[in-house]
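Subject: Handover of a structure and notes on its packing

Dear colleague,

Please find below the structure that I am handing over to you. My notes on it come directly after.

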Amino acid sequence: MTETQHDDHTQGAESDIHTDWPANDFAEISVEDVLAEARLPERWAHVCLRPDLMAEHDRVLAELSMMVDSQGNILEDVDPSLAEGPVAEAAQSRANRLRELQEQMRAKTWHVLFRGMNSDDIVMFERKFRPTKPNADMTEFNLRLVAQTAVSPAITLDQLHQLRTKLGNRGILELVETARRVVYSDGVDVPKSPGFLANLGQQ
């Protein structure tokens, strides 16, 4: 899948809306309050600039998974090619390397903040830039959407064309998907809390 294949801006939006509010648990907020307090949605994109580190991370993790179980216990009958000496030492060495790779990847990750548009601006943007022909190439539209909504750092359209020659498709797609989500999907409800939060509150 490439960034040119996203042409239905309504797809998936309905599935992001949560409908499990408790009965009669609605705060009374006036239209005036909404006008005074409402903010546009924001969302971060995270692009690792070193896919070679990601490849090594996946390889080391795959090797480690053949040496330990999900609880970290050493497996029996480990492939001798994975460990020249004691298996526990080989497993620990790979675990240490995973941590090193994760730190290096974090240091080489580019974080971009996106901010959505209001409804009027979306309509104007769509009228101006969305292709009207069926099955049209959406690449330029998607890049313009990224340029329109990236705020920290701001990214120009020319810079995005340059980035397309440097970043892999996965990196460009992360920018495009984040821009599309912050414009067309985010900001409709309070996200559901992960289950572990309730467990932490009971400890």
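The notes below cover conventions, the nonpolar cores, three helices, one buried threonine and the aromatic rings.

This is a predicted model, in which local features need pLDDT of at least 70 and side-chain atom pairs count only at pLDDT 80 or more, while totals for chains, interfaces and linings use all residues. Residues are numbered from 1 along each chain as its sequence is written, and side-chain values use heavy atoms, with hydrogens and water left out. Helices (H or I, at least four residues) and strands (E, at least two) are DSSP runs numbered from the N terminus. Buried means under 20% relative accessible area, exposed over 50%, and partly exposed in between, with a 1.4 Å probe and protein chains only. Contact means heavy atoms within 4.5 Å.

Nonpolar cores

A nonpolar core is a set of buried Ala, Val, Leu, Ile, Met, Phe, Trp, Tyr and Cys residues joined through side-chain atoms within 4.5 Å. The largest one has 25 residues, of which Phe-114, Leu-145, Val-146, Leu-160, Leu-175 and Val-183 touch the most other members. Two or more residues each come from strand E1 (42–48), E2, helix H4 (119–129), H5, H6 and H7. The greatest contribution is that of H7, with seven residues. A second, separate core of 15 residues includes Met-67, Ala-83, Ala-91 and Leu-101. In soluble globular proteins, nonpolar side chains tend to be buried together.

Helices H7 and H6

The 16 residues of H7 should span 22 Å at 1.5 Å a residue, and its end C-alpha atoms are indeed 22 Å apart; the expected span is 1.5 Å times one less than the number of residues. Among the buried residues of H7 are Gly-171, Leu-175, Thr-178, Arg-180 and Tyr-184. Their cover includes E1, E2, H4, H5 and H6.

In helix H6 (residues 157–164), Leu-157, Leu-160 and Leu-163 are buried. These leucines lie on the same side of H6, because they cover an arc of only 110° around the axis, taken from the directions from the helix axis to the C-beta atoms. Asp-158 and Gln-162 are exposed on the face of H6 turned away from its buried side. The buried residues of H6 pack against strand E2 (109–115), helix H5 (139–149) and helix H7 (169–184).

Thr-149 and Leu-145

Thr-149 belongs to helix H5 and is buried, at a relative accessible area of 0%. Its side chain reaches the backbone oxygen of Leu-145 at 2.8 Å. Leaving aside residues up to four places away in sequence, Thr-149 touches Leu-113, Phe-114, Arg-115, Met-117, Ala-179 and Val-183. With the same exclusion, the contacts of Leu-145 include Met-117, Phe-125, Ala-179 and Val-183.

Aromatic rings

Rings of Phe, Tyr and Trp (its six-membered ring) pair if their centres lie within 6.5 Å; planes under 30 degrees apart count as stacked, over 60 as edge-to-face and the rest as tilted. The count by this rule is two aromatic pairs. Phe-125 and Phe-129 form a tilted pair, 5.0 Å centre to centre with 55° between the planes. These two residues are four apart in helix H4, so about one helical turn separates them. Phe-125 is buried at 4% relative accessible area, whereas Phe-129 is partly exposed at 23%. Phe-125 and Phe-141 form a tilted pair as well, at 5.4 Å and 55°. Because Phe-125 lies in helix H4 and Phe-141 in helix H5, this pair ties together parts 16 residues apart in sequence. Ring pairs thus link Phe-125, Phe-129 and Phe-141 into a cluster.

Kind regards

Key: A polar contact is a pair of N or O atoms within 3.5 Å; within protein, one must be able to donate a hydrogen and the other to accept it, and residues adjacent in sequence count only if both atoms are side-chain atoms.
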